[in-house]
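Here is a short report on one protein model. Look over the sequence and the structure first.

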Amino acid sequence: MTTTNLGGELAFAEGIARRAGALLADRYERVQRVRHKSPRDVVTEVDFASERLVIDAIRDAFPADAILAEESGHHRRRRGATVAAGRRWVLVPLDGTVNYANGIPFFCVSLALVGADGPLVGVVLDPLRNDCYAAVAGGATTLNGKRVTVSHKDKLSDFVVSLAVIGRGGLTRERRVSREVRIHRRMGSAALSLAYVANGRFDAFIQNGGLSLWDVAAAGLIAERAGATITNLAGGPWWQPTLRGARSSVVCAPPAHQARLLELVAAAGTRVASRS
């Protein structure tokens with residue numbers, strides 16, 4: 001499938017993301033029901049409303065495509081529809097729900113079309129800033145229709161990094177990385193933070209796990225097509241569709257600096273492991 005014949009899917013993804021984003025913006029700071037999904041994660045009625053809106057639109061526009069949604073899981077193609085060649089829409093109706101529920105204005109809608117070899121179309125929309133990051137496989141990344149590229153900073157010491165090292169010894173491991181960059185941040189929306197690498201708002205993104213396929217499907221493609229080098233923690237492919245649960249890891253940065261960041265994270269992990 002070429003970039004040219006993904007134009008309809010890209011336009012659809014942008015349009016439906018904006019519709020879902022309008023819903024999020026309208027209900028922002030007016031959430032009525034918040035339920036715990038886990039000790040540290042929540043879901044609201046707005047998550048479900050946004051997800052229903054997107055799923056219904058996909059069903060109408062692309063009935064042969066499967067769907068993987070954060071809140072409701074897998075959805076098969078419509079009965080009787082012609083089988084699409086491994087196509088699946090992967091969506092987060094509201095990434096950054098804890099932020100959203102607490103009135104913190106950093107959250108997004110994330111929607112990707114994935115084929116047999118990985119993401120084909122990716123859209124991440126920040127509805128409060130009206131920022132729409134978009135990319136197609138083989139094409140460029142745009143922000144509100146204008147092409148963007150990753151940071152061109154020469155020195156790693158100038159980097160502002162989205163950094164989340166979770167698990168045992170996480171703070172110690174983060175300090176090892178943070179000593180070599182200007183400063184790090186943890187924003188509460190992995191999809192939007194990863195998309196920020198595409199235009200240098202973040203110079204790099206690092207997270208050593210805790211990511212699901214829907215967190216990275218769109219934003220990973222967006223960062224990659226903007227010129228970033230993106231891998232998993234071991235330096236292998238960042239898109240690993242066989243992983244189940246929140247087990248994906250991502251190290252994403254401009255090509256000149258990605259190897260060093262990968263080395264720092266790996267060394268940090270080795271150091272902690274040697275103490276246990």
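The report covers confidence, one sheet with its helix, and the cysteines.

## Model and confidence

This is a predicted model, in which local features need pLDDT of at least 70, side-chain atom pairs count only at pLDDT 80 or more, and totals for chains, interfaces and linings use all residues. Residues are numbered from 1 along each chain as its sequence is written, and side-chain values use heavy atoms, without hydrogens or water.

The chain has a mean pLDDT (the predictor's confidence in each residue, from 0 to 100) of 87. Of its residues, 85% reach 70 or more. Residues 76-84 have pLDDT below 50. That stretch makes 17 contacts (heavy atoms within 4.5 Å) beyond near neighbours in sequence. Residues 270-276 stay under 50, with seven contacts beyond four places in sequence. Where pLDDT is low, predicted coordinates should not be read in detail.

## Sheet and helix

Five strands (DSSP E runs of at least two residues) form an open sheet in the order β12-β11-β13-β15-β14. Pairing (at least two DSSP bridges between two strands) is mixed. The edge strands are β12 (183-185) and β14 (229-231). The twist averages 20 degrees from one strand to the next.

β14 pairs antiparallel with β15 (residues 248-253) over three bridges. Thr229 stands opposite Ala253 in β15. Helix α6 (residues 213-225; helices are DSSP H or I runs of at least four residues) packs on the sheet and touches β13 (204-211), β14 and β15.

## Cysteines

How many disulfides (cysteine sulfur pairs within 2.5 Å) does a search of the whole structure find? Zero. Cys108 is buried (under 20% relative accessible area, 1.4 Å probe, protein chains only), at 0%. Cys252 is also buried, at 0% relative accessibility.

Technical notes: Axes fitted to C-alpha atoms, helices over the stretch in contact; angles between N-to-C directions. Disulfide = S-S within 2.5 Å. Buried < 20%, exposed > 50% of the residue type's maximum accessible area, 1.4 Å probe, protein only.
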